Amino acid sequence: MWNTPSDDDLTPMLSQYHHFKRLYPDCLLLFRLGDFYELFYEDAHIGSKELGLVLTSRPSGKGRERIPMCGVPYHSSSTYINRLVSKGYKVAICEQLEDASQAKGIVKRDVIRVITPGTYFEKELSGLVCVYNKGKKYFCAYLNPSTGEFVAGAFSKEQAYEFMCKFSPKEVLLKKGTDFEFEKLIKAYRTELDEDYFTEGLRVLFKDFNVYNSKALGFESQEELIPCGGAYLYLKNTQKSFTPFVKKPRPYADEGYVRIDYRARRGLELLESYEGREDISLFSVINRTLTGMGKRRLKFHILHPFRSKERILKMQSAVEELINRRELLLQIREILEDMPDLERLTSKISGNLATPKDFVLLKKALFLLADLREKLMNVGFSSEVLKEQLQDMEDLRDIALDIDTTLVDDPPLHLKEGGLIKDGVHPELDHLRDILRNSEKLVKEYEEKLRKETNIQSLKIGYNRVMGFYIEVTKPNLKHVPKYFKRRQTLSNSERFITDELSLMEEKILSAQTRIKDLEYEIFLELKERVLSKVENIAKSAQAIGYLDYIQSLAYLALEQGWKKPIITDEKVIEIKEGKHPLICAFVKDYVPNDTHITEDELIIVITGPNMAGKSSYIRQVAVLTLMAHMGSFLPCEYARIGTVSSLHARIGSGDMLALGVSTFMNEMLEVASILNSADERSLIILDEVGRGTSTYDGIALSKAILEYIAENIKARTLIATHYLEITKLEERFPCIKNYHMAISKNQDKLLFLYRLTRGKAEGSFGIEVAKMAGLPEKVIRRAEEILSEYQVPFLEKVYIQSVHIEKEHKWQEILQHIESIDIAHTTPLQALMILSELKERVKTLKESLI
Ligand SMILES: Nc1ncnc2c1ncn2[C@@H]1O[C@H](COP(=O)(O)OP(=O)(O)OP(=O)(O)O)[C@@H](O)[C@H]1O
């Protein structure tokens, strides 16, 4: 709570400040004072620290101490606001509502907008997620004020985390007291709302969207809409009259897409690398989009690849059509290259934040849209998806023409500066402008008339901001000044006068100027209303452009890289010849391509091999190529036959979820548990070194048990990279499990990585060799070799020996149990001999099995 001293002895301005600060205690209050936004008290310290502003002070009232303050110029405030919001602050803009010179008493002010990390829609942002929890259900909504996107659904807690991670919002709204520790997964601002806020939000949502129940919006239950109410009201309450365009909320249709768990999203570095770098991600290497809309669509489909074979095939044929019509593809790219971001422009216009320059950009976008549409109409499309996009692109040339006839081509930055409306738009405006243009001539004529009348040749009419117009006469000529001249100012060499006639001229000129500005503003508002009446049509066309850009991006990429179209099937297969990982091979020269052969009969692939041999890269490659095939993309390979998957699960890397506050191993097991509980037989699972966070024995036992569970119960296509050679034994028990290893060769005791996937298990882990290559001190290496040699088993890693011990121990126990269970009283001599011979055989096998 904002604690204020009693307002009694504060200056009136500060007491007004305290009033607003009490209303917005969690915000930095930017208080408009003339040409500046000022921050006071603690806010001033924060502003000074975060923005590098000079801290000053001002008196706060009679007998009171001076208070700290700092400020930013009004004209460049957006840069400062941007910096504060991106550092995670909420900023309340307290504006002057009247002209200080006209105000009686203290100037009227009000908070006109609160900018929060999730609602700063002028900037491209990832928006808000709102969570409302009831028992075990988590109702979540996502609202993106930059694009108007609004979706919601009901989830379990785990799915709610997934939903949130998919959208990576900058701000999360929660019902007070909700158990939802999102800070451990994403960096976003937390805002808690009361239960009543949601109820009120739902009421406002229904009213604004003119619907009476959730069914009308396609939702099964009203509860699913509750978080939409919260998010929508929050946006309205913070943005006030600046509320941007928001589409009707729709159910989050996850079932149409492959589910990608958030670990896979991170582990496969889909949108950003582990370190959070966007330029090292799958997105960055496959992105050939040219518009903001296309870029967002591509990001969306990387996280939401199509689930059904039919949809993938449709998207593929759209991509293929553009590949085959190369000329057309290049023409489309040429137009899209210049296309402004229609979605964000629409939001800005709806949110009253569009400058006249934004309208000129909109005009450009709509003319380009019309050209594009006309061109595409003329050539026509054969693929269904492209035809649909063309249908959704509306001819909005009339709005473009309207803007073109109304606004000048290069309008000023700010609305109220004037000079933004073209001549010929409004007769009164033209007339007033004539008056202004003539005024110079009229003043000149009047000056000439006065010279003749007074016989003072040096008489001049001048103008300045303080005095307005004046007549200047030099001292020697003062005796010729007529009586009706009124003295205004005395200077060292001259005197300044005014006449009633000149005053009248001045009034006319000034009032024309004011009226021109008002009229221009009115005309602009009318234009804005006409544009707003077409906002939904613009949004629909913008979406179609986004899709077209997405398709052309995939087509261009395939052409540029010579990628191949994968065959899509519903069989449980993944067959790839000479596949490459698009991200890794962008950074690794001489990347070695590899084949993949997963079928119903060979469902689970166990890959062993030394460290650094390329195991992880390979299993990621299979996952990424499968995902891309589901996006409708072509693939970096010679041939691919991809069977559709329902979900993609990955347990990759270590330490990435350490933020969860649990141990590495616990975290690993949580992840595996979640995969085993949510994967189905149509899923693709990739597991990288499961169980390495615990003791070798436990690790081996767990890895084996996990794979057995997948083979017997889930039956999902699975790739596991492991150092535990013991696991390769599963191949003998489960026909669907196949062993592979990453080939190496040894050259004079030096390891050579071949990066070739080869049938069969690896010889060992060669940990010491890899450590040598990494440059560990010679002494450490020698000692390690000594310790290893104590096992007297060259090249067999410790892990293997330990695992054999477990197995042996187990087998000894079995033999002992067998001996104990012999019922001697009922055993014939012949049977006894046979039992003895069998036991001897088992002991012999067990002894030999150390190798
Ligand atoms: N197919 C390939 N062709 C060329 N270089 C590759 C290939 N695959 C991987 N590499 C290179 O090898 C490095 C190590 O690969 P990766 O991390 O996949 O090995 P790993 O076997 O999983 O190692 P570890 O067991 O230590 O995790 C990669 O960073 C890359 O530089």
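Helix 20, covering residues 615-630, gives the most to the shell around the ligand, supplying three residues. Keep in mind that this is a predicted model.

In all, 15 residues surround the ligand, and the closest of them are Val-592, Met-612, Lys-615, Ser-616 and Ser-617. Sorted by class, that shell is a mix: seven nonpolar residues, five polar ones and three charged ones.

Now for the polar contacts. Three of them involve the ligand, and here is how they line up:

| Residue | Protein side | Ligand atom | Distance |
|---|---|---|---|
| Val-592 | backbone N or O atom | nitrogen | 2.7 Å |
| Ala-613 | polar backbone atom | oxygen | 3.1 Å |
| Ser-617 | side-chain N or O atom | oxygen | 2.6 Å |

So much for the individual atoms; what about the ligand's surface? On its own the ligand exposes 630 Å², and the protein buries 78% of that.

Let's turn to a lysine, Lys-738, which sits in strand 26, the run of residues 737-747. Is Lys-738 buried or exposed? Lys-738 is buried, yet it has no salt bridge. Its nearest side chain of opposite charge belongs to Glu-602, and that one is 4.8 Å away. Since a salt bridge here needs a side-chain nitrogen of Lys or Arg within 4 Å of a carboxyl oxygen of Asp or Glu, the Glu-602 pairing at 4.8 Å doesn't make the cut. The Lys-738 side chain does have a polar partner, though: one of its polar atoms lies 3.0 Å from the backbone oxygen of Pro-735.

Definitions and conventions:
Residues are numbered from 1 along each chain as its sequence is written. This is a predicted model: local features need pLDDT of at least 70, side-chain atom pairs count only at pLDDT 80 or more; totals for chains, interfaces and linings use all residues. Side-chain values use heavy atoms; hydrogens and water are left out. A residue is near a molecule or strand if one of its heavy atoms lies within 4 Å of it. A polar contact is a pair of N or O atoms within 3.5 Å; within protein, one must be able to donate a hydrogen and the other to accept it, and residues adjacent in sequence count only if both atoms are side-chain atoms. Accessible areas come from the Shrake-Rupley method with a 1.4 Å probe; for residues, only the protein chains shown count as cover. Helices (H or I, at least four residues) and strands (E, at least two) are DSSP runs, numbered from the N terminus. Ala, Val, Leu, Ile, Met, Phe, Trp, Tyr, Cys and Pro count as nonpolar, Asp, Glu, Lys and Arg as charged, and the others, Gly among them, as polar. Buried means under 20% relative accessible area, exposed over 50%, partly exposed in between (1.4 Å probe, protein chains only). Lys and Arg count as positive and Asp and Glu as negative; His and the chain ends are not counted.
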